[in-house]
Amino acid sequence: MKNYFSHLECSNCKKIFNTNQILNLCDECGKPLLAIYDLESASKDLDKSYLLNQPENIWRYSPLLPVKNNKFRLFLGEGFTPLFKAERLGNEVNHSNLYIKDEGLNPSTSFKARGLAMAVSRAFELGIKDISIPSAGNAAGAMSSYAALAGIKAHVFMPKDVPTPFIAECKALGAEVTLIDGLITDCSKAAAEGVKNFGWFDISTLKEPYRIEGKKTMGYEIAEQMNWKLPDVIIYPTGGGTGMIGMWKAFDEMEKLGWIDSKRPRMVSVQSEGCAPIIKAFNEGTKHAEFWKNASTIASGLRVPAAIGDFLILDTIRESKGTAIAVSDKDIMDCTNLIGRTQGIFPAPEGGATLAAFNILYKKGWIKKDESVVLFNTGSGHKYFNLWD
Ligand SMILES: *Cc1c(COP(=O)(O)O)cnc(C)c1O
């Protein structure tokens, strides 16, 4: 099938780049680059009914993804995760229109698989041999999987207090693992040294343009799974923000393709009280978020004190008329267990955080009784086993 990837554009200064360049950030202003498609042509050629005979994984959206040649599309089973109607949980919280998108069923047990499948496939297509990533855990495992499949060398940098399964996974997948005494921002500094000294390609969140393209498939899937009517509210646990930004981009693309109308969900960003830079910036009405000092939370994917795409996350929340909310680690844990015992899903604490946010917003009346709400369980709880010690 034809591919519609046409160019890259800076999310801030709008400078344009061609698709065959190996690029990280904009060379003009240092901000993230976004992949742009020729949606005008695509809207003429691509009726959404083409999806009827596509495989049930992220590559069903290939014409609207950046990997041009089929032979570079790395596949381990990522995407098309189930969207469950959460009946028993709904009874418990007295809301009858609650859904859970269970991303824990992806390869490497988190939605990081989507972004890394795309970024590593593109790196493969562009002939890159060494890639590196700073990670709170899940991104490192996902990158290591796809790098192994492509025969690319993976260099991963994680905080040394990350639970052991995250480390074991990367080792088994053949990655070079470096543990850092610090947070993900310190891991970034260490990885940057390797990039500078050895010419590795940096696959950090939003520092290359393609992870977001993988994450945007969640937006396409929700539309498809809800019969092309988006929900009223999406609650998403935010770290670096690729999922939030990616889904918002997907909605925009689908409207331009004529696949959906202009109705959008209100996008809710949830973080932990121990690390809530986006929530603070949203409440204070600023364009960027300040660095969060002494970041700490059991939801390690949310332990991101500074996000390079902060302004894109904040724009998404505001444009969607959404909101941002911080929840306590205690509520995260209680809600993680509540999802578990009502729905039979073993969620990551980040998934539990979305229910904690729902409870607050529903009580406040910000979410109404009849509104459809999608909670994102972004990963499985298995690798966080020590939270139950
Ligand atoms: C990385 C991660 C997040 C945060 O995702 P972003 O798209 O970077 O905001 C949330 N949950 C889990 C389980 C993660 O691994």
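What follows is a chat about a predicted model, going through why certain labels apply to its residues and domains.

Colleague: Let's start small. Why is Ser 41 called partly exposed?

Modeller: Its relative accessible area is 22%. Buried would need a value under 20%, and exposed one over 50%, so Ser 41 falls in between.

Colleague: And what makes Ser 41 and Asp 38 a polar contact?

Modeller: Their side chains are joined at 2.6 Å, and the cut-off for N or O atoms is within 3.5 Å, so the pair qualifies. As for where Ser 41 sits, that's helix α1, residues 39–45.

Colleague: How far is Ser 41 from Phe 201?

Modeller: Their C-alpha atoms are 32 Å apart, with the two positions 160 residues apart along the chain.

Colleague: Now Glu 169. Why is Glu 169 called buried?

Modeller: Glu 169 has a relative accessible area of 17%. Buried means under 20%, so the label fits. Glu 169 belongs to helix α5, residues 164–172.

Colleague: Which residues does Glu 169 touch, leaving out those up to four places away in sequence?

Modeller: Ser 108, Gly 141 and Lys 383.

Colleague: On to the domains. How is the protein divided?

Modeller: Domain 1 is 5–66, domain 2 combines 83–110 with 210–388, and domain 3 is 112–202. The C-alpha centres of domains 2 and 3 are 24 Å apart.

Colleague: How do you know that domain 2 and domain 3 are in contact?

Modeller: Contact needs heavy atoms within 4.5 Å, and 25 residues of domain 2 meet 26 residues of domain 3 that way. Together the two domains bury about 2200 Å², with 58% of that on carbon and sulfur atoms. On the domain 2 side, Tyr 210, Arg 211 and Lys 383 lose the most area to domain 3, together 31% of what that side buries.

Colleague: Why give an interface as an area at all?

Modeller: Because the accessible area lost when the parts come together is often used to state the size of an interface.

Colleague: What makes Asp 161 and Arg 303 a salt bridge?

Modeller: Their closest N and O atoms are 3.2 Å apart. The limit is within 4 Å, so the pair counts as a salt bridge. Between domain 2 and domain 3 the count is four salt bridges, and 10 residue pairs there are in polar contact, both residues at pLDDT 80 or more.

Colleague: Which elements give two or more residues to the side of domain 2 that touches domain 3?

Modeller: Helices α7 (211–215) and α8 (217–225), with α7 supplying the largest share, four residues. By class, that side of domain 2 has nine nonpolar, eight polar and eight charged residues.

Key: Residues are numbered from 1 along each chain as its sequence is written. This is a predicted model: local features need pLDDT of at least 70, side-chain atom pairs count only at pLDDT 80 or more; totals for chains, interfaces and linings use all residues. Side-chain values use heavy atoms; hydrogens and water are left out. Buried means under 20% relative accessible area, exposed over 50%, partly exposed in between (1.4 Å probe, protein chains only). A polar contact is a pair of N or O atoms within 3.5 Å; within protein, one must be able to donate a hydrogen and the other to accept it, and residues adjacent in sequence count only if both atoms are side-chain atoms. Domain bounds come from an automatic or database domain assignment. Buried area is the accessible area (1.4 Å probe) that two parts lose on being put together, summed over both. A salt bridge is a side-chain nitrogen of Lys or Arg within 4 Å of a carboxyl oxygen of Asp or Glu. Ala, Val, Leu, Ile, Met, Phe, Trp, Tyr, Cys and Pro count as nonpolar, Asp, Glu, Lys and Arg as charged, and the others, Gly among them, as polar.
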